Amino acid sequence: MTAKISYDEVEVGTELPGQSFPVTRETLVRYAGASGDFNPIHWNEKFAKEVGLPDVIAHGMFTMASAIRVVTDWVGDPAAVAEYGVRFTKPVVVPNDDKGALIEVSAKIGAKLDDEARTVRVDLTAVSNDQKVLGRSRAVVRLA
């Protein structure tokens with residue numbers, strides 16, 4: 001695969017299509033099995049509250065992976081992401097109900113970095129329950 005978005009066609013400030021990602025307790029159990037991260041703060045409400053959390057929380061890496069999907073879906077090639085980093089600012093609290101939580105992600109081109117390498121910096125914003133859950137969420141992406 002190669003990136004489907006042309007470097008020449010984007011400008012600083014270009015907004016990527018935002019996405020919302022639902023997270024339920026079932027999602028967390030499935031992610032724990034796939035990742036091998038069975039920390040009880042991600043599935044045991046009693047334990048999570050005993051250690052000072054408001055409830056079970058989503059895995060940080062799950063939250064991070066969900067957010068970058070906005071970029072990979074937009075560019076059309078996951079391999080186009082050359083760098084990606086975040087700071088975890090707030091946990092995604094996942095209640096034990098029929099709704100769970102929602103991670104809402106928006107992104108925009110923050111900078112055109114290198115004309116020759118055709119790279120841009122994409123700045124992402126991830127929010128859950130009206131709180132920013134990722135800070136300094138940035139990806140460097142190689143475009144066509």
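**Exercise 1. Describe the hairpin of β4 and β5, and state which residue there takes a positive phi.**

Step 1. In the hairpin of β4 and β5, 2 residues lie between the strands, and N129 takes a positive phi near 55 degrees. Strands here are DSSP runs of E with at least two residues, helices are runs of H or I with at least four, and both are numbered from the N terminus.

Step 2. This is a predicted model, in which local features need pLDDT of at least 70, side-chain atom pairs count only at pLDDT 80 or more, and totals for chains, interfaces and linings use all residues. Residues are numbered from 1 along each chain as its sequence is written, and side-chain values use heavy atoms, with hydrogens and water left out.

Step 3. Strand β4 (residues 119–128) pairs with β5 in the antiparallel sense over 9 bridges; two strands pair if DSSP finds at least two bridges between them. S128 has Q131 in β5 as its bridge partner.

**Exercise 2. Which strand do 6 bridges join to strand β5?**

Step 1. Strand β2 (residues 81–88) is joined to β5 (residues 131–142) by 6 bridges, and the two run antiparallel.

Step 2. Opposite E83 stands V140 in β5.

**Exercise 3. Find the salt bridges of R25 with E45 and with D55, and set out the surroundings of each side chain.**

Step 1. Side chains of opposite charge can pair when their charged atoms come close. The rule used here asks for a side-chain nitrogen of Lys or Arg within 4 Å of a carboxyl oxygen of Asp or Glu. By this rule the count is 8 salt bridges.

Step 2. E45 and R25 meet in a salt bridge with an N to O distance of 3.4 Å. The pair links distant parts of the chain, since E45 is in helix α2 (residues 45–50) and R25 is in helix α1 (residues 25–35), 20 residues apart.

Step 3. R25 and D55 also meet in a salt bridge, at 2.7 Å from N to O. This pair links distant parts of the chain too: R25 is in helix α1 and D55 in the loop between α2 and α3 (60–75), 30 residues apart.

Step 4. Apply the accessibility classes: buried is under 20% relative accessible area, exposed is over 50%, and partly exposed is in between (1.4 Å probe, protein chains only). R25 is buried because its relative accessible area is 15%. D55 is buried at 10%, while E45 is partly exposed at 29%.

Step 5. R25, E45, K49 and D55 are linked in a network of salt bridges.

**Exercise 4. How many residues apart are R30 and E26 in helix α1, and is each buried, partly exposed or exposed?**

Step 1. R30 forms a salt bridge with E26, with the closest N and O atoms 2.7 Å apart.

Step 2. Both residues lie in helix α1, 4 residues apart, which is about one turn of the helix.

Step 3. R30 counts as exposed because its relative accessibility is 58%. E26 is partly exposed, with a relative accessible area of 48%.

**Exercise 5. Where is the place of W43?**

Step 1. W43 is in the loop between α1 and α2.

Step 2. With a relative accessible area of 46%, W43 is partly exposed.
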